[in-house]
Amino acid sequence: MYAQSVKPADDSWYSSVLKNGPHHHLINVSESGLLTHLPAHSVKIAQHNAHHLMRVFPKGTRISSKNLKPVPFWGIGAQICALNWQTFGASLQINEALFSGSDGFVLKPAALRAGGSGKLSTGVKKRLTLHIAGATDLPLPHGRDEDDAIKPYVTCILSHPDNLEDEPPKRKTAPYKHHKLGFLHRGVNSAPTDPVWDEKLEWEYEDNELVFLRILVKSDDSFAANPVVAVAAVRVLYLVKGWTFIRMLDLQGRETTSSLLVKFDVTDL
């Protein structure tokens, strides 16, 4: 069975019944066009998407191939968010967190399926605590060698479906500095590529099954923009308690030999 693509001319597709449209339709809408209906009509759109398909494509001004942010659209049940694969940026990192290890599809949360409420956020306040111990075998930025020291730090961004426009909340550790004072620090410091931070980062957010955490290891360079060394993203729903290693990827989305030792804790407020 095929779905026929339809570009909506009005709001009948979610407010009542799609006018002059096929029963098995696929709503094909731009991110900017869809955002004009959010959050006022989020629940109705999610209930529509529990029975019909939706594809969200980038707005026309994204001429640099920069991707749309899929999380808010997944949060209203959109089955397809059109992403380009040229740059492994924030959107593809989160896409990796949702679909990695799957067969290419993931079952929607119950609230977004037929019979669901259409509202994904529960109203329950949560606190996410991330204890970052350290990393191993960090790759060096392009053009650097072992003698050209890096000052790695971790910066984390929490992405929530209800966050439509605002900059998502970001937390970061202090840069790891490798002392070079000869015998005074010999054997005390690990190498800059094996940093130890032992810091905790915290966020408060409304409970939602489609919350994601992006984790970036960057170098605190005083002479230029801080380069990204390695990246990862996780879906908060998938987190396991206790200490765990996170595999780190490079900026092309390929696995590296680097890993991050962390501990997650999610509690009710």
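Trainee: How many residues does the protein have, and what share of them is buried?
Mentor: There are 269 residues, and buried ones make up 42% of them. Keep in mind that we're looking at a predicted model.

Trainee: Let's try one residue. Why is S42 called buried?
Mentor: The cut-off is under 20% relative accessible area. S42 comes out at 19%, so it is buried. It's found in helix 3, and beyond its neighbours within four places in sequence, S42 is in contact with H37, I76 and G118.

Trainee: And V266: why isn't that one called buried?
Mentor: V266 has a relative accessible area of 26%. Buried needs under 20% and exposed needs over 50%, so 26% falls in between and V266 is partly exposed. V266 lies in strand 12, which covers residues 255–268.

Trainee: Which residues does V266 contact, leaving aside its neighbours within four places in sequence?
Mentor: K126, R127, L128, Y205, V236, L239 and K241. As for L38, V266 is 228 residues away from it in sequence and 28 Å away in space, C-alpha to C-alpha.

Trainee: Strand 12 also holds K263. Why is K263 called partly exposed?
Mentor: Run the test again: K263 has 33%, which is between the 20% and 50% limits, so partly exposed is the label. Not counting residues up to four places away in sequence, K263 touches T129, L130, H131, G242 and W243. L239 is 24 residues from K263 in sequence, with 9.4 Å between their C-alpha atoms.

Trainee: What share of the protein's contacts with a separation of 6 or more joins residues 24 or more positions apart?
Mentor: That share is 64%.

Trainee: On to the core. Which residues have the most contacts inside the largest nonpolar core?
Mentor: W13, L34, I45, M54, F73, W74 and F212, out of 34 residues in that core. Quite a few elements supply at least two residues each, among them helix 1 (12–15), strand 2 (25–30), helix 3 (42–49), helix 4 (71–74) and strand 9 (212–219). Helix 5 gives the most to this core, with four residues. There's also a second, separate core of 28 residues, and it includes L130, L213, M248 and L260.

Trainee: Why would nonpolar side chains be grouped like that?
Mentor: As a general tendency in soluble globular proteins, nonpolar side chains are buried together.

Trainee: What does W74 touch, not counting residues up to four places away in sequence?
Mentor: C81, I94, N95, L98, F99, L112, L210 and F212.

Trainee: Now the rings. How many aromatic pairs are there?
Mentor: The count comes to three.

Trainee: Why is the W13 and Y14 pair called edge-to-face?
Mentor: There are two checks. The ring centres are 4.9 Å apart, inside the 6.5 Å limit, so the rings pair; the planes sit at 85 degrees, over 60, so the pair is edge-to-face. W13 and Y14 are both buried.

Trainee: What makes the W74 and F212 pair tilted?
Mentor: Centre to centre it's 5.8 Å, within 6.5 Å, so the two rings do pair. The angle between the planes is 55 degrees, neither under 30 nor over 60, so it counts as tilted. This pair links distant parts of the chain: W74 is in helix 4, F212 is in strand 9, and 138 residues separate them. Both residues are buried. W74 and F212 also belong to one aromatic cluster with F99.

Trainee: Last topic, the pocket. What is the volume of the largest pocket?
Mentor: About 760 Å³. It has 32 lining residues, and the closest to its centre are K69, G89, A90, S91 and R214.

Trainee: Where does the largest share of that lining come from?
Mentor: Helix 5, with five residues. Helix 4, strand 6 (152–159), strand 9 and strand 10 are also among the elements that each supply at least two lining residues.

Trainee: How many of the lining residues are nonpolar, polar and charged?
Mentor: The lining of the largest pocket has 14 nonpolar, eleven polar and seven charged residues. Lys and Arg count as charged and Gly as polar, so among the residues closest to the centre, K69 and R214 are charged and G89 is polar.

Methods. Residues numbered from 1 in each chain as written. Predicted model: local features only at pLDDT ≥ 70, side-chain atom pairs only at ≥ 80, totals over all residues. Heavy atoms only, no water. Core = buried A, V, L, I, M, F, W, Y, C linked by side-chain atoms within 4.5 Å. Buried < 20%, exposed > 50% of the residue type's maximum accessible area, 1.4 Å probe, protein only. Contact = heavy atoms within 4.5 Å. 1 Å grid on protein atoms, 1.4 Å probe; cavity = no way out; pocket = protein on both sides within 12 Å on 5 of 7 lines; lining within 4 Å. Points joined across faces, edges and corners; volume = space filled by probe spheres on them. Phe/Tyr/Trp six-rings, centres within 6.5 Å; stacked < 30°, edge-to-face > 60°.
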